[in-house]
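Reader: Before I accept the labels attached to a model, I would like to see how each one is earned. Could you take me through the reasoning?

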Amino acid sequence: MVIGMSSNRLSRNSGCFPFNTCGAKSEFFRRYRHKNVLFTPQVFYRKTYAIEPLRALTLKSLLLQLETIVMRHLLLMLLFAPLVALASPVDDLRALTKDLRSLSGDFTQATVDASGKPTKTLSGTFSIAKGGKFRFDYLKPYRQVLVSDGAKFSTYDADLAQMTVRKLESSLAATPLAVLSGSTPIDSVFTLANAAEADGLQWVATTAKQAETAVSDLRFGLYGGVLKALTWTDLYGKRTLMKFGTLTRNGTVNDAEFAFTPPAGTDVVGQ
């Protein structure tokens, strides 16, 4: 320790810094006490001239105080978090379909096997409007169009050069097309229930209220309140998964989109 050094040794090691003198002045600094703290020349220099450590200590104290305040606020948030009602997937789906006038975007559609893996994938674009109007243009791997003007439902197959036209059946009311087109309130045709999360999505399971429907086990997949996927089983037991890309809700849709005219030479079946 510095205390107990001779003045000669102190002079050799420190030059009697900071006053560059030895003897009585060095002894004074070694023996001077302030608030029961023994000051050596080195300690005196740090206390007197070392401003930055003092500032650092003050900043550290300020940060500790801010940390305490933040932790208190976080604790209050955790205590009162259960009192805040969070929207469920069912609530998000109701909000999505409520006041829905139109929906458009791109999609991929795949047939799913028993293990849940897609076996056949199609892709294209779609538009849905209020009043039972919808149009799905399948672009890959082959050209096909499904279109409804709200009264008639038409299916066009480019490879077969054939279009089938029939009346829009009431059984389509219990399908996602009718629900998303706003022709049927979702709670009037389905009983909704929150399902387990899967594939990064929140799912809503549905049970149709009418006995005979075109699809069964219809489920809506949402992320952040946005529709991302649909999955259902058709009358033949085939499971289908449809995923959506970028969607436009309540955008401008031209009614001409739902009046499809097939190319010349197409065989039209039904009216």
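Author: What follows is a set of questions and answers about one helix and one sheet of this predicted model.

Reader: Which residues of helix α5 are buried, and what puts them on the same side of α5?

Author: In α5, which spans residues 89–97, the buried residues are P89, V90, D92, L93, L96 and T97. Around the helix axis they cover an arc of only 160°, which means that they lie on the same side of α5. After the helix comes D99, whose phi is positive, near 55°.

Reader: How do you know that D92 has no salt bridge?

Author: A salt bridge requires a side-chain nitrogen of Lys or Arg within 4 Å of a carboxyl oxygen of Asp or Glu. For D92, which is buried, the nearest side chain of opposite charge is R94, and that side chain is 10 Å away. Set against the cut-off of 4 Å, the value for R94 leaves D92 without a salt bridge.

Reader: With which residues is D92 in contact, leaving aside its neighbours within four places in sequence?

Author: D92, whose place is in helix α5, is in contact with A87, Q202, L222 and G225 once those neighbours are left aside.

Reader: Turning to the sheet, what makes β9 and β14 its edge strands?

Author: The sheet is open and has twelve strands, in the order β9-β10-β11-β12-β13-β3-β4-β5-β6-β7-β8-β14, with mixed pairing. Both β9 (190–194) and β14 (267–269) pair on one side only, and this is what marks them as edge strands. Between neighbouring strands of this sheet the turn is 20° on average, with direction ignored.

Reader: How do you know that β8 and β14 count as paired, and in which sense do they run?

Author: Two strands pair if DSSP finds at least two bridges between them. β8 and β14 are joined by three bridges, in the parallel sense, so the requirement of at least two is met. One of the bridge partners is V269 in β14, which is matched with T164.

Reader: Which strands of this sheet pair in the antiparallel sense, for instance with β7 or β3?

Author: Strand β7 (residues 152–157) pairs with β8 (residues 162–167) in the antiparallel sense over six bridges, and K152 stands opposite K167 in β8. The hairpin of β7 and β8 has four residues between the strands, and A161 takes a positive phi near 50° there. Strand β3 (residues 102–112) runs antiparallel to β4 (residues 118–129), to which eleven bridges join it, and S102 stands opposite A129 in β4.

Methods: Residues numbered from 1 in each chain as written. Predicted model: local features only at pLDDT ≥ 70, side-chain atom pairs only at ≥ 80, totals over all residues. Heavy atoms only, no water. Buried < 20%, exposed > 50% of the residue type's maximum accessible area, 1.4 Å probe, protein only. Helix = DSSP H or I, 4+ residues; strand = E, 2+ residues; numbered from the N terminus. Arc of directions from axis to C-beta. Lys, Arg positive; Asp, Glu negative; His and termini not counted. Contact = heavy atoms within 4.5 Å. Axes fitted to C-alpha atoms, helices over the stretch in contact; angles between N-to-C directions.
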